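This report describes selected helices of one protein model and the surroundings of one residue. Please consult the sequence and the structure while reading.

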Amino acid sequence: MASSEGFLTEEQREMLKIASQNAEVMSSLSLSSSPKFPGPKSPGQSSSFLSEQHRVKAPSGGHSAAAGGVAVRHVRRTHSGKSIRVKKDGAGGKGTWGKLLDTDGDSCIDRNDPNYDSGEEPYELVGSTVSDPLDDYKKAVVSLVEEYFSTGDVDVAVSDLRELGSSEYHPYFIKRLVSLAMDRHNKEKEMASVLLSALYADVINAAHISQGFFMLVESADDLAVDILDAVDVLALFIARAVVDDILPPAFIPRARKMLQESSKGYQVLQTAEKSYLSAPHHAELIERRWGGSTHLTVDEVKKKISELLREYIESGDTSEACRCIRQLGVSFFHHEVVKRALVLAMEIQNAEPLIRKLLKEAADEGLISSSQMVKGFTRLAESLDDLALDIPSAKKKFQALVPQAISEGWLDASFLNSSVEDGEKKPDENDEKLKRYKREVVTIIHEYFHSDDIPELIQSLEDLGMPEYNPIFLKKLITLAMDRKNREKEMASVLLSALHIEIFSTDDIVNGFVLLLESAEDTALDILDASNELAFFLARAVIDDVLAPLNLEEIAALLPPNCSGSETVRMARSLIAARHAGERILRCWGGGTGWAVEDAKDKIQKLLEEYESGGVVGEACQCIRDLGMPFFNHEVVKKALVMAMEKKNDRILELLQECFGEGLITINQMTKGFNRIKDGLDDLALDIPNAKNKFEFYLEHAREHGWLLPAFA
């Protein structure tokens, strides 16, 4: 339907709209009779009011007022017909220039404009990361420490730290230095201790030293996750700091009060105080633990001692030799100088007068103390049996040299008294049978390290026929292994498991470790890390079921109080108590002779499960043979009996009978396996209620078929 306005022109439409708007305005004027407007208004007044209060629109474009009604000049309107209120200040609306001084509008800067000024460009804020001074300091410290470990230049490290400034962060430097050294070799540990001594008071004050070590103790739990022996190493750092007088002894009890007893940090402080600082001659032991008060290792010091002694024999310059000994800076290690000098006097003809002259001069000057001299002679006396293998006249020369040294005044006469006392305490040391045994077993052990033939070694020991000396064999085995590579250490642990099954009793093993731990301090003179190595051997023996955990208590009870051996036992307990201890200890030396025990246990379990589910006896026997671990066949017996109880399948007894008949599992292995089941029967009964009845049945079966030794109770 067409609109009624469809026949109007544009001009007429516009006039119509204005008229309608004016009509609305006029209608509002009728309200003048209301109370708000009490007086009547004249037409002039109404017109005035209309013009002022209501702007009546008129059509533009040259039309008169008569044609369009009341007109107002300069009335603006949009083409849409909507009324727009004009700004009073003449700023205008859309499409206008705005005010004269209006600068708020958006303007576009044209870079191609000849009048373009780059300064008019708006500023742009660029975000940047705010660096933490502590993070920057830590990064710089790591670089400084790494460089120091590479060069060993203490002066440069001290200078670099001083130039780095930020003294308030020095505790973090101490924490970073020690934590980096803890995860490295003994050389770096010694270098860290030397650097701390150099920095003390000159660069780092005492308060920061204490604060840094307390931060380390607080983080001991985290350090122990990555560093196996973190407790012992950190305890040794604290003890070394106390010995070097850079940390007050009161630090330990003060720090202990701020830690929980269950924390690793508390254990660190306990170890430092009771194991290191309370031991006799602790200062000497602690200072040489990582190779001496310089950053030389023990092997390097020994090499330097040998070189200076040989140079002295060639030149005969006593004063120069004394200067070189003094320059080494290892006064606590001078007993090594004495020992090596005496050995050279026996090895080289015509060297004895020169050696006596040097030792006398060193004693007269006070360069080598009386205790170090006696200790050197004592060490040589203890190794005369081994030395006699290379120098047949060693004993005769030594016996002639001792009275000369005493008469010349450079060896204390107390050496003879101590020798007599040792002879009274250990009469077996002079027994020819024991000496022959020691010579034989050293040869046997060396052959084993070359051949890795366990059955041959066991046969050789049985041929010797001296089982009463089994503890001495264990001591020799581990002592020789500790001075070699990881391969020999792993071989020694594997051999220990085999010997325990075949010919060694638990008492033999316990007594052997007691002998080792009693001489731990002497062993540490020749083997740098003897204490840690012995702890690993002890822990490995427990993991391999050679020793029970209670045997460690027995060993500790047999040792003298406050000796370094007791600390080694405590260290072994810590290793065993650590998380994933079994796996870590089994691989501490890399599994140098083949499988780890845990791998063998898995293989044994799988082959027994296959046999129980319908396997062939011959194939199972071949799998056991392929294991190549005859000393570990007691595990086959144990797991087979447990599986027979769990599965209620006595068919597994047929496998044991076949293995025993072929000689694959010996009577010793079989007895060991039954003994292990018997020892753990109470625990086994928790899972298998009739375990005791089943074990009695299997025990009777084994006795009938002769599987067990008559001594089996």
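## Helix packing and burial

Helix 17 (residues 352–365) and helix 20 (residues 394–408) pack with their axes 11 Å apart and at an angle of about 40°. Helix 17 and helix 20 are therefore oblique to each other (neither under 35 degrees, nor 65 to 115, nor over 145). The contact (heavy atoms within 4.5 Å) is made by the following residues.

| Helix | Residues in the contact |
|---|---|
| Helix 17 | Glu352, Arg356 and Lys360 |
| Helix 20 | Leu401, Gln404 and Glu408 |

These residues divide into one nonpolar, one polar and four charged.

The model is predicted: local features need pLDDT of at least 70 and side-chain atom pairs pLDDT 80 or more, whereas totals for chains, interfaces and linings use all residues. Residues are numbered from 1 along each chain as its sequence is written, and side-chain values use heavy atoms, with hydrogens and water left out.

Helix 12 (residues 264–276) has 13 residues, which should span 18 Å at 1.5 Å a residue (1.5 Å times one less than the number of residues). The end C-alpha atoms of helix 12 are 17 Å apart, which agrees. Its buried residues (under 20% relative accessible area, 1.4 Å probe, protein chains only) are Gly265, Tyr266, Val268, Leu269, Thr271, Ala272, Ser275 and Tyr276.

Asn532 lies in helix 28 (residues 530–543). With a relative accessible area of 9%, Asn532 is buried. Leaving aside residues up to four places away in sequence, Asn532 touches Asp229, Asp232, Arg289 and Met571.

Key. Axes are lines fitted to C-alpha atoms, for helices over the stretch in contact, and angles run from 0 to 180 degrees between N-to-C directions. Helices (H or I, at least four residues) and strands (E, at least two) are DSSP runs, numbered from the N terminus. Ala, Val, Leu, Ile, Met, Phe, Trp, Tyr, Cys and Pro count as nonpolar, Asp, Glu, Lys and Arg as charged, and the others, Gly among them, as polar. Buried means under 20% relative accessible area, exposed over 50%, partly exposed in between (1.4 Å probe, protein chains only).
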